[in-house]
Amino acid sequence: KSGFVSIVGRPNVGKSTLLNRILGEKIVAVSDKPQTTRTVIRGIVSDEASQIVFVDTPGIHAAKSRMNRAMVDAAYGAISGIDLLLLVVDATAPRDDAFVREVATKAGAPVFLVLNKVDLVEPKERLLALIASVSRLHPFAEVVPISAQTGGNVERLVEVIRGRL
Ligand code: GDP
Ligand code: MG
C-alpha cells in the first residue's frame, strides 16, 4: 500500500504542526505567523505494510502579491494527482463554509475534514455540535477531530489514512 496525501487549509490552521507530529520530528517550519510554509514539503511515513507520502502546503488565502499567488497555486496544485486530501480547519476559528466547500469540491480524491486544535474547544458538546455541522457541508470520507499540538487522535488519523490507501 502506498499513496500521496496532501495537507491543505487556510494559513495557521496547524498543517505543518500536524505533519511534524505525524513524522515525529521537527522538519517543517512552524510559526504563529501565516505563510511560514512557502513551498510544498514532503515527508514519508513507512512501515512494513505501507508508505505514505505527505505533502504540506502553503496556506490557501486570497492572494494579492504575485508571490502569494504562486503559493496559493502550489497549494491547489497539491490537490490534483493525489490519493487523499486532508483539509485542515481550525476548530477555534470562525467557520468558513464557502472555503471548505470550494476546496472539497475541487479535490479529485476523497477528502478527510480534519478539525484541528480541539484541545482548545470546551465543552465536549461544542465539539460534537461542530463535527455534526461541518459534516453537512460535503460528503467527506471522514471527519476527524485532532490536536496536532498535543498529538491527540493523530495516531488514529494515520490509521484511518492507511485504511483508505
Ligand atoms: P500552518 O500555517 O497551517 O502550517 O500552521 P502551523 O502548523 O504553522 O501552526 C500555526 C499555529 O497554530 C502555531 O502557533 C501552532 O503552534 C498552533 N497550533 C497548531 N496545531 C495546534 C493545536 O492542535 N492546538 C493548539 N492549541 N495550537 C496549535
Ligand atoms: Mg505551514
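## Strand 5 and what surrounds it

Me: Both faces of strand 5 are covered, but which residues are buried on one side and which on the other?
Reply: In this predicted model, strands are DSSP runs of E with at least two residues and helices are runs of H or I with at least four, numbered from the N terminus. A residue is called buried if 20 or more other C-beta atoms, placed from the backbone, lie within 10 Å of its own, exposed if 12 or fewer do, and partly exposed in between. By that rule six of the six residues of strand 5 are buried, with V111, L113 and L115 on one side and, on the other, F112, V114 and N116.

Me: What is the mean pLDDT of the protein chain?
Reply: Residues are numbered from 1 along each chain as its sequence is written, while chains are lettered from A and ligands numbered from 1 in the order in which they are written. Because the model is predicted, local features need a pLDDT (the predictor's confidence in each residue, from 0 to 100) of at least 70, side-chain atom pairs count only at 80 or more, and totals for chains, interfaces and linings use all residues. Among the elements, helix 2 (residues 66-77) has the lowest mean, 64, and strand 6 the highest, 98. In the chain, 76% of the residues reach 70 or more, and the mean is 85.

Me: In what order do the elements of the protein chain run from the N terminus on?
Reply: The chain has five helices and six strands. Read from the N terminus on, they follow the order β-α-β-β-α-β-α-β-α-β-α.

Me: Which strand does strand 5 join through six bridges?
Reply: Two strands are said to pair if DSSP finds at least two bridges between them. On one hand, strand 5 pairs in the parallel sense with strand 6 over four bridges, where F112 stands opposite E142. On the other hand, V114 in strand 5 stands opposite V88, and the partner that runs parallel to strand 5 with six bridges is strand 4.

Me: Which helix belongs to the β-α-β unit made with strand 4 and strand 5?
Reply: A crossover is right-handed if, with the strands pointing away from the viewer, the path from the first strand over the helix to the second runs clockwise. The chain crosses from strand 5 to strand 6 through helix 4, and this crossover is right-handed. Strand 4 and strand 5 also belong to a right-handed unit, and its helix is helix 3.

Me: Which strand gives the most to the largest nonpolar core?
Reply: A nonpolar core is a set of buried Ala, Val, Leu, Ile, Met, Phe, Trp, Tyr and Cys residues joined through C-beta atoms within 7 Å, and the largest one here has 34 residues, with L86, L87, V114 and L115 making the most contacts inside it. Elements that each supply at least two residues include strand 1 (2-8), helix 1 (15-23) and strand 5 (111-116). Six residues, the most from any strand, come from strand 4.

Me: Which residues of helix 5 are buried?
Reply: The face of helix 5 turned away from its buried side carries the exposed residues E155, R156, E159 and G163. What covers the buried residues includes strand 1, helix 1, strand 3, strand 4, strand 5 and strand 6. The buried residues of helix 5 are V154, L157 and I161.

Me: Is E159 buried or exposed?
Reply: E159 lies in helix 5, and its C-alpha atom is separated by 24 Å from that of V103, 56 residues apart along the chain. Because 10 other C-beta atoms lie within 10 Å, E159 is exposed.

Me: Which residue is joined to E122 by a cis peptide bond?
Reply: Most residues other than glycine have a negative phi, and most peptide bonds are trans. In the loop between strand 5 and helix 4, K117 has a positive phi of about 70° although it is not a glycine. The cis bond has an omega of about -10°, and the residue that it joins to E122 is P123.

Key. Two residues are in contact if their C-beta atoms, placed from the backbone, lie within 7 Å.
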